[in-house]
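Hello,

Here is the structure I promised to pass on. Have a look at it first, and my notes on what I found follow below.

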Amino acid sequence: MSLESILSGVADAARAANRDAAEVTLIAVSKVQPLERVVAILEQGHRVFGENRVQEAAQKWPDLMERYAGVALHIIGPLQTNKARQAMELAHSIHSLDRPKLAKTLARLAQERGACPDLYIQVNTGAEAQKAGILPEAADEFVQNCRSMDLPVVGLMCIPPVDEDPAPHFQMLADMAGRNGLTGLSMGMSSDYATAIAHGATHVRVGSAIFGERVPT
């Protein structure tokens, strides 16, 4: 595939859901991608990217942000508390707020810095033991706790179990966001972004379908 075909697919999925395609942001997930591939997508005009690891983002993006105006970087992978300051300095948004300790760290750093990226709470909709995220039954309380710390929580994020229909998970997340007054829904990847858009996704995260298969380091 290509950036153009994915953007077209996003627009088609939005129209099919009677939504405005402008409501859906495509995050090009550039983790473990060679620099030349990332530059090629930047040269095509795309400016919204996602990275899993803060260390990789810090090596790649400061120089690129100097060369290309208007880049919005989203941290979408698990965030260690000792990387939180660096993530806040680099990122426009963090999609993996997944535990009270991290919330407290981000709140402290936000007070120190006087600024904080937009935050998405990761919800473990499938209650998978190996996966990060707040359990669904604890999510409402966690949203309120984060708000009490003045954290700018704008939405929720999920990664459905790979062997299940993602639609119920996306609907669960949308319902959860609605009852908490949150408008952001970070959900949907290469294989299921159209389903996510049908359930209200505002941000979809697509990697290899844009860049090609990852090149592990």
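A note on terms before the strands: two strands count as paired if DSSP finds at least two bridges between them. Helices (H or I, at least four residues) and strands (E, at least two) are DSSP runs, numbered from the N terminus. The model is predicted, so to speak of local features a pLDDT of at least 70 is needed, side-chain atom pairs count only at pLDDT 80 or more, and totals for chains, interfaces and linings use all residues. Residues are numbered from 1 along each chain as its sequence is written, and side-chain values use heavy atoms, with hydrogens and water left out.

Let me start with strand S5 (residues 118–122). Four of its five residues are buried (under 20% relative accessible area, 1.4 Å probe, protein chains only; exposed is over 50%, partly exposed in between), so S5 is largely enclosed by the rest of the structure. With strand S6 (residues 153–157), S5 pairs in the parallel sense over four bridges, and Tyr120 has Gly155 in S6 as its bridge partner. Strand S4 (residues 93–97) also runs parallel to S5, joined by three bridges; here Ile94 is partnered by Leu119.

Helices link these strands. S4, helix H5 (residues 100–113) and S5 form a right-handed β-α-β unit, and S5, helix H6 (residues 136–148) and S6 form a right-handed one too. Right-handed means that, with the strands pointing away from the viewer, the path from the first strand over the helix to the second runs clockwise.

Helix H2 (residues 35–43) is worth a look as well. Val38, Val39, Ile41 and Leu42 are buried there. Seen down the H2 axis, the buried residues fall within an arc of 160° (taken from the directions from the helix axis to the C-beta atoms), so they line one face of the helix. Glu36 and Glu43 are exposed on the other side of H2.

Finally, the pockets. A pocket is an open set of points on a 1 Å grid over the protein atoms alone, where a 1.4 Å probe fits, with protein on both sides within 12 Å along at least five of seven lines; lining residues have an atom within 4 Å of a point. The largest pocket is lined by 18 residues, with Lys31, Asn52, Ile76, Ile159 and Met189 nearest its centre. Among the residues that line the second largest pocket are Asn52, Arg53 and Lys83.

Best wishes
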